[in-house]
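Grab the model and work through these exercises with it open. Try each task on your own before reading the solution.

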Amino acid sequence: MRPVRDGAPVDPHFGLPLRLVEPTRAGVVWAYNEAHLQALQAFAVAKLREGNGVHSSMFSRLPTWMKQARHRRVLQQAVERLLGRLQDA
């Protein structure tokens with residue numbers, strides 16, 4: 001879990017607020033940069049998600065709600081909104 005200040009996620013090393021944050025009905029989606037968002041998008045649209053049960057990747061450390069099939073569309077939409085925000089900037 002990311003550190004939180006005033007109810008918003010912050011960078012754990014610098015303590016600065018994260019710019020790419022999108023609340024959803026299932027939870028909060030946040031990312032550091034476009035590459036992070038693209039990785040989350042690829043995870044959200046993947047048909048097969050294999051895991052070895054060990055914390056070997058960032059995906060194994062995602063919140064449970066992001067890994068649940070019923071929230072795939074919510075995650076996809078949040079990532080798309082964040083990517084759109086980057087394009088507008």
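**Warm-up: one tyrosine**

Y32 has a relative accessible area of 37%, so Y32 is partly exposed (buried is under 20%, exposed is over 50%, and partly exposed lies in between, with a 1.4 Å probe and protein chains only). A word on ground rules: this is a predicted model, where local features need pLDDT of at least 70, side-chain atom pairs count only at pLDDT 80 or more, and totals for chains, interfaces and linings use all residues. Residues are numbered from 1 along each chain as its sequence is written, and side-chain values use heavy atoms, with hydrogens and water left out.

**Exercise 1.** Find the aromatic pairs and classify each one.

*Solution.*
- Step 1: count them; there are two aromatic pairs. Rings of Phe, Tyr and Trp (its six-membered ring) pair if their centres lie within 6.5 Å; planes under 30 degrees apart are stacked, over 60 edge-to-face, and the rest tilted.
- Step 2: take W30 and Y32. Their ring centres are 5.2 Å apart and their planes sit at 75 degrees, so this pair is edge-to-face.
- Step 3: turn to F43 and F59, a stacked pair with 5.1 Å centre to centre and 5 degrees between the planes.
- Step 4: place that pair in the chain. F43 is in helix α1 (residues 34-45) and F59 in the loop between α1 and α2 (64-67), so parts 16 residues apart in sequence are tied together. (Helices are DSSP runs of H or I with at least four residues, strands are E runs with at least two, numbered from the N terminus.)
- Step 5: check accessibility. F43 is buried at 10%, while F59 is partly exposed at 29%.

**Exercise 2.** Work out which strand pairs with β3, and how the two are joined.

*Solution.*
- Step 1: β3 (residues 20-23) runs antiparallel to β4 (residues 28-31), with four bridges between them. Strands pair if DSSP finds at least two bridges.
- Step 2: for the register, L20 is opposite A31 in β4.
- Step 3: the connection is a hairpin of four residues.

**Exercise 3.** Which residues share a salt-bridge network?

*Solution.*
- Step 1: a salt bridge needs a side-chain nitrogen of Lys or Arg within 4 Å of a carboxyl oxygen of Asp or Glu, and that gives two.
- Step 2: E22 meets R81 at 2.9 Å, N to O. E22 is in strand β3 and R81 in helix α3 (residues 72-88), 59 residues apart.
- Step 3: R85 meets E22 at 2.1 Å, N to O. R85 is also in helix α3, so this pair ties together parts 63 residues apart in sequence.
- Step 4: shared partners join E22, R81 and R85 into one network.
- Step 5: E22 is buried at 11%, whereas R81 is partly exposed at 39%, and R85 is partly exposed at 35%.
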